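Open the model in your viewer and keep the selection tool handy. We will walk through it stop by stop.

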Amino acid sequence: MTESTTLWVALALVLFWTVGAYNRLVRLRGQVLLAFQPLDARMAQFIVLLQEQSPLVVDPLRTQPVLLGSGLWAGLQAACTQFDVALRVVRRQVLDAESVAALQSAYATLQVWWERLVTECREQPELLPASWQMAWMDNRRLAGDTIEVFNQAVQVHNAAIGQFPALLLARVFGFRAAACL
């Protein structure tokens, strides 16, 4: 083979490798986005569960409704609003580490307020129906499963963009490490 043929073969190999590596990075990014969809549905279910409940609970033995502690209910609703906003931001920027970190913080805050509600209602179980608690806990378990799948996809994505020589392509094309929940 001549020198020019060898050069052309080497350039073709580099070009084909580049296209293949780029396609792999795009595919892995797509897998993270796909893994977020069921997670998004699970996370949105927390908001739905809170919106379906009212701070007024009717006690069948009384004629007047009982009001959940207004400070507690207001805190839970504020945490829900914060969580909803963070979730909306992540929907637009699933791979943005700061947005995912904000969602993680909002999720933790929502869970803390939920635990406070459960604790306060232990002496008055009529204020927190068992069906609502079960729905919350079931959704929390299912959300944990989808978080695990999402985190695995993120770890594979991050590992791929951190490997040399794909690291060079990742930098050129703006692939950034995503954050786990």
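A residue counts as buried when its relative accessible area is under 20%. Keep that cut-off in mind, and remember that this is a predicted model.

Start by selecting phenylalanine 46: its relative accessibility is 0%, so it is buried. Now add phenylalanine 83, which is also at 0% and therefore buried. The two rings make an edge-to-face aromatic pair, with 6.4 Å from centre to centre and 80° between the planes. Phenylalanine 46 belongs to helix 1 and phenylalanine 83 to helix 2 (residues 70-92), so this pair ties together parts 37 residues apart in sequence.

Next, widen the selection to Phe46, Trp73, Phe83, Tyr107, Trp114, Trp132 and Trp136: ring pairs link them into a cluster. The count of aromatic pairs in the model comes to 9.

Another of these pairs joins tyrosine 22 and phenylalanine 175, edge-to-face at 6.0 Å between centres and 75° between planes. Tyrosine 22 is in helix 1, while phenylalanine 175 is in the segment after helix 5 (166-173), 153 residues away. Is phenylalanine 175 buried or exposed? Its relative accessible area is 8%, so phenylalanine 175 is buried; tyrosine 22, at 30%, is partly exposed.

Now show helix 1 (residues 3-52) with helix 4 (residues 130-161): their axes come within 9 Å and cross at roughly 165°. That angle makes the two helices roughly antiparallel. The crossing of helix 1 and helix 4 is left-handed, and their contact has 24 nonpolar, 5 polar and 4 charged residues.

For a last stop, select arginine 116 and tryptophan 113: the charged end of the arginine sits over the tryptophan ring, 4.3 Å from the ring's centre.

How values were computed. Residues numbered from 1 in each chain as written. Predicted model: local features only at pLDDT ≥ 70, side-chain atom pairs only at ≥ 80, totals over all residues. Heavy atoms only, no water. Axes fitted to C-alpha atoms, helices over the stretch in contact; angles between N-to-C directions. Helix = DSSP H or I, 4+ residues; strand = E, 2+ residues; numbered from the N terminus. Parallel < 35°, antiparallel > 145°, perpendicular 65-115°, else oblique. Left-handed = near helix turned anticlockwise from the far one by under 90°. Nonpolar A, V, L, I, M, F, W, Y, C, P; charged D, E, K, R; others polar. Phe/Tyr/Trp six-rings, centres within 6.5 Å; stacked < 30°, edge-to-face > 60°. Buried < 20%, exposed > 50% of the residue type's maximum accessible area, 1.4 Å probe, protein only. Lys NZ or Arg CZ within 6 Å of the ring centre and 35° of its normal.
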